[in-house]
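Trainee: Please choose one part of this model and take me through it closely. I would like to see what surrounds that part as well.

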Amino acid sequence: MQTNSFYNEILTEHNLRPDFRRDLPGADIVLDGVNPSCGDEIQLKLKTDGDRIVDGAFLGDGCAISQASVDIMLGMIIGKRKEEALRLADIFMRMIRGEASEEEIDSLEEASALRDISHMPARVKCAMLGWRTMKEALTGRSPEGK
């Protein structure tokens, strides 16, 4: 089990030095994501080549959790097929709801540091913003009910 210091270290690193907070000219998928309950907002930009996500970036403002979560997500999905990115999004969302297995959570690597968000109901939408936006961007529809 991860410690709070590990969780804080990962969030801090992705907020102070985000790898993917930048513009992405030539993105073929662009979608805005907003969490109206707290004001977090992102613009997710993806470049694809057929069924593969070849690059990604985001712009936006929000709390440390929302911004770190989308940065971590992009690090995980770039280079992956869309189907794999959607599978990871499903596991992440189930982890946040407390429904994923330990094996599934381990497959999320750094994103697994956000697992305890499920115990902070006010922060759940923050953690899920980037993942929900990516899922909607790739499928053309909003994730069911959230």
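Mentor: The close look goes to helix 2 and its surroundings.

First, the ground rules. This is a predicted model, where local features need pLDDT of at least 70 and side-chain atom pairs count only at pLDDT 80 or more, while totals for chains, interfaces and linings use all residues. Residues are numbered from 1 along each chain as its sequence is written, and side-chain values use heavy atoms, with hydrogens and water left out.

Helix 2 covers residues 64-77. Helices are DSSP runs of H or I with at least four residues, strands are E runs of at least two, and both are numbered from the N terminus. Ser66 sits in this helix. Its relative accessible area is 0%, so Ser66 is buried (under 20% is buried, over 50% exposed, in between partly exposed; 1.4 Å probe, protein chains only). Beyond residues up to four places away in sequence, Ser66 touches Asp40, Cys126 and Leu129; contact means heavy atoms within 4.5 Å. With Asp40 there is also a side-chain to side-chain polar contact of 3.4 Å. That term means a pair of N or O atoms within 3.5 Å; within protein, one must be able to donate a hydrogen and the other to accept it, and residues adjacent in sequence count only if both atoms are side-chain atoms.

Next door, Gln67 is also in helix 2. The side chains of Gln67 and Ser66 are joined by a polar contact of 3.1 Å. Gln67 has 2% relative accessibility, so Gln67 counts as buried. Setting aside neighbours within four places in sequence, its contacts are Asn15, Arg21, Glu41, Ile42, Phe58, Gly60, Asp61 and Gly62.

Now the helix partner. Helix 2 packs against helix 5 at about 40°, with the axes 6 Å apart. Axes are lines fitted to C-alpha atoms, for helices over the stretch in contact, and angles run from 0 to 180 degrees between N-to-C directions. The two helices are therefore oblique to each other (under 35 degrees is roughly parallel, over 145 roughly antiparallel, 65 to 115 roughly perpendicular, the rest oblique). Helix 2 crosses helix 5 in a right-handed way; the near helix is turned clockwise from the far one by less than a right angle, whereas anticlockwise would be left-handed. Helix 2 brings Ile65, Ser66, Ser69, Val70, Met73, Met76 and Ile77 to this contact, and helix 5 brings Cys126, Ala127, Leu129, Gly130, Trp131 and Met134.

Then the sheet. Three strands form an open, antiparallel sheet in the order 1-2-3. Strand 1 (29-35) and strand 3 (52-61) are the edges, each pairing on one side only. Two strands pair if DSSP finds at least two bridges between them. Nine bridges join strand 2 (residues 40-49) to the antiparallel strand 3. Ile42 faces Gly60 of strand 3 across the pairing. Helix 5 (residues 124-139) packs on this sheet and touches strand 1, strand 2 and strand 3, its direction making about 150° with that of strand 1.

One pairing ends in a turn. Strands 2 and 3 form a hairpin with two residues between them, and Gly50 in that turn has a positive phi of about 65°. Asp49 stands opposite Arg52 in strand 3.
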